[in-house]
Protein chains: 2
Amino acid sequence: MTVQQAFERLRKIQQELFVYNYAMNIIHYDADTVAPPASYVCRGEVLSAFTEKEYEITTGDEMKSIVAFLIEHKDELDGVQKREVELLNKEAEYVSSIPKDEYVAFTSLLNEASVVWHNAKANNDFESFRPFLEKIVDYNRRFAKYYKPDKDPYDTLLDQYEEGLNKEQADNFFNTLKEHIVPLLKKVTEAPQPDTSFLHKHYPKEKQAELSEYVMAVMGIDKQRCILGTTEHPFTTNVCTSDVRITTHYYEDDLASAFYSTVHEGGHALYELGVDPAYEKTPLTGGVSMGIHECQSRFFENLIGRSRAFIGFVFPKMKELFPEQLEGVTAEDFYKAVNKAQPSLIRTEADELTYALHVLIRYEIEKELIAERLEVKDVPQVWNAKYKEYLGVDVPDDTHGVLQDSHWSGGSIGYFPSYALGSAYGAQIFAKMNSEMDVYGEVASGNLAKVEGWLRENIFRHGSRYSPKTLFESCVGSSFDPIFFTDYLENKFSDIYGLDK
Amino acid sequence: MTVQQAFERLRKIQQELFVYNYAMNIIHYDADTVAPPASYVCRGEVLSAFTEKEYEITTGDEMKSIVAFLIEHKDELDGVQKREVELLNKEAEYVSSIPKDEYVAFTSLLNEASVVWHNAKANNDFESFRPFLEKIVDYNRRFAKYYKPDKDPYDTLLDQYEEGLNKEQADNFFNTLKEHIVPLLKKVTEAPQPDTSFLHKHYPKEKQAELSEYVMAVMGIDKQRCILGTTEHPFTTNVCTSDVRITTHYYEDDLASAFYSTVHEGGHALYELGVDPAYEKTPLTGGVSMGIHECQSRFFENLIGRSRAFIGFVFPKMKELFPEQLEGVTAEDFYKAVNKAQPSLIRTEADELTYALHVLIRYEIEKELIAERLEVKDVPQVWNAKYKEYLGVDVPDDTHGVLQDSHWSGGSIGYFPSYALGSAYGAQIFAKMNSEMDVYGEVASGNLAKVEGWLRENIFRHGSRYSPKTLFESCVGSSFDPIFFTDYLENKFSDIYGLDK
């Protein structure tokens, strides 16, 4: 076998994996958007069967022998090939470490857990979801130990969402954020608050949908390859580089919610749509980590979307769509309203300033759960206590507390920190971008092509070609420093709230 | 191997087939409802791969040896088992007769043809669709010949949609219809026409959606297992007995269109939802033929939905939803308006009386195409000439002519006659049902449970357990006679139009 022959054989295997992956993506999207409630039993059988196929291919002799051969011949590989083999090997080692029946049973569990969680949230019934969460925590801990018996399991989980991340780094990161955010938030909370009442007039869904389509166009999202749907919980699905789906949720008494969901998910979509199509059907396709992904989405949502420049450009369109509701309201009023910072209950609705504290709470709970220092049955109580401690708010019920997010029911433990990390990455990327162009000057003219082009060149197109650390550092030209983010927050909110810094 | 062991092995194979079928159903549904335009290339690869898997399983040695064994031991099988083996054998013989590469290529062609047809219809561009239709006709003819070399290929195609149907029977059937419908239509056309203007006021989509949800509830459709979506062309997808999807299309200047689409597709859904779940994952599940299927949908749409009794019950709800638009309109006005009979261009919008003539035109064209007496390039011209001859209407363009239906682009040739057949089956079934209960008395009270229960007992639950002929005859207690249908039409339209019979 030559290296070329090995890659040819690999392409065939990857084509097969792609087929199952594609089907599971569509089936999941269908489940999350339209499938009737009773359909989950059949769906579970199908997802289990395909997971089994994927397991068999990933851990199969053919895959193993090719990967082993390529590792042996790594001196003959170029950088792209080396990274591909490295990622394949990592995936094969991870999957092989888990017994097949457990691997498949986890898929089946998650299919049911998703239905149970939806109902639990709707009915404020943590108790019905509890046994599922117990199993999910247990699977996560077990899988992490199978894969890296000698490593702390939560470190292993963090690494799955952000290659290279560990608890020590995350602790330091969150401590830095806390140090800056807590005193800033105190000052902000004591200052006079902007008026947000006009955001909560009646905004008909169809007009909001028009606004979402408009902002997708402003962002330059290719509608031949990307559609906008509606779901209870907005998300992005990446099927392939010619098929990306984002969703939003329209509340008729809230102008900002769906708009910023669309911008956020649109950021995810731009990333996926911008990956080099040559990487399709290899581990190099798709965003490299959740941190880098959330960086793109939150970059568009906040650094761009909640900027004076962007709002100045899109506000006339809002006035055109909602002339009565926005009568007498200026772009500056809107800017201040959508940047109002105050402790709240719901992560996805939190402002830029308090957002990281919501994430911190989840991070701390996950750490304790995986370390077996906290039992699932006690999570609601701990959740509520932490919301009181860090944000000063009383959680009225589990629907607005521990049941609010879909991540745990989806099997993801270790994902949350990437949201805060992504926000912080974004501020440093913005600084770098701004050293090369007048970012807000571009945005103010409604032309996002240069911003998107810069991100495509420096981030999007690379997909998973580089580790998140390598990608980030080569993008900004230095190592990660959360001080860019805290500086950004201090400047922005001091300005909005008229504080002395 | 014992018979029991053979069935156990069969269940495993059928489970595997179910998985691929499920995935393809969801992927098709996704394609028809939301998938972004550029996604069709990836989708084609996946559908082809799964079609190949299905081909391999269906024609594989394991399947063949089990079916052969069971045929050998048919004296030990009960009726249900015999039918199952018979259907499996038929399917295996059909698929095996076609070379794998052609079988897979046809799936791939249809995936592309569907996209091309949508664009062709939107742009009135038959020429772009022509090469696809040529290939589709060719594949159909070729596959029919592979399967039954000695049989007329159009007879083979008819049999695929309506087991046992052939051209001779279809010719006789259509001749009977023509004999009665053409003179009746002439009288109707000459009589004063009911006012339909109020149907074309402005009816907002959301209110129409509420009406559709309402009528689904009236029909007793289980919303845990069935959802309503919206598409350009309404259809029903049967994923499994706990997952059936129907779609409708809202036109804001037409109250009746979406309403009757929902009722029609709702009839299909009730059939699928009513099949005995014990048949799931065997060839016995799902409606037995397109004729019996269209019989259920058109039964609910017309015999029930366009009856005075049903309209009398639902009209107050319409008035409640549309008080201004329907001011001064009575249930009787609505009844007459939605039963207005007149030659028209579009099959799906045709009234009960002219509907069969639309089908006849397609039937005659398909027959000629498969017999190679007509070339695809000449179809638009023949289509238009037949619309002039049978319906007296001028077809203004191919969008409103030969490009209007999705069936051919979906690969289906031989499907259309089942619409007319289904309509005629329905009238005879109604007569039988009415001999056992006061159907319109039930319907007038808004209680469809007895009607649905009767159909479930006599038709739905049997799935594909019996051939359409056996099922129909055991249901009505006699053989099929289209005179029930023509009598029904004569009575109904003579009454509405005040004609002497």
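Contact is taken here to mean heavy atoms within 4.5 Å. The structure is a predicted model, in which local features need pLDDT of at least 70 and side-chain atom pairs count only at pLDDT 80 or more, while totals for chains, interfaces and linings use all residues. Residues are numbered from 1 along each chain as its sequence is written, chains are lettered from A in the order in which they are written, and side-chain values use heavy atoms, with hydrogens and water left out.

**The interface of chains A and B**

On this basis, 36 residues of chain A are in contact with 36 residues of chain B. The area buried between the two chains is about 2,800 Å², 65% of which comes from carbon and sulfur atoms; buried area is the accessible area (1.4 Å probe) that two parts lose on being put together, summed over both. In chain A, the residues that lose the most area to chain B are Y22(A), P36(A) and C42(A), together 18% of what that side buries.

Six salt bridges are found across the interface of chain A and chain B, each being a side-chain nitrogen of Lys or Arg within 4 Å of a carboxyl oxygen of Asp or Glu. One of them joins E16(B) to K53(A), with the closest N and O atoms 3.5 Å apart.

The elements giving two or more residues to the side of chain A that touches chain B are α1 (3–33), α2 (40–59), β1 (226–230) and β3 (243–248) of chain A. Helices (H or I, at least four residues) and strands (E, at least two) are DSSP runs, numbered from the N terminus. With eleven residues, α1(A) gives the most to this side.

**H249(B)**

H249(B) lies in the loop between β3 (243–248) and α10 (255–273) of chain B. Its relative accessibility is 16%, so H249(B) counts as buried (under 20% relative accessible area; exposed is over 50%, partly exposed in between; 1.4 Å probe, protein chains only). The side chain of H249(B) reaches the backbone oxygen of T231(B) at 2.8 Å, and a polar atom of that side chain lies 3.3 Å from the backbone oxygen of E232(B). Not counting residues up to four places away in sequence, H249(B) touches T231(B), E232(B), P234(B), S257(B) and A258(B).

**E372 in each chain**

Most residues other than glycine have a negative phi. The table lists two residues with a positive value.

| Residue | Phi | Loop | Relative accessibility |
|---|---|---|---|
| E372(A) | near 60° | between α14 (352–370) and α15 (379–391) of chain A | 58%, exposed |
| E372(B) | near 60° | between α14 (352–370) and α15 (379–391) of chain B | 58%, exposed |

Terms used
Polar contact = N/O pair within 3.5 Å; in protein donor to acceptor, adjacent residues only side chain to side chain.
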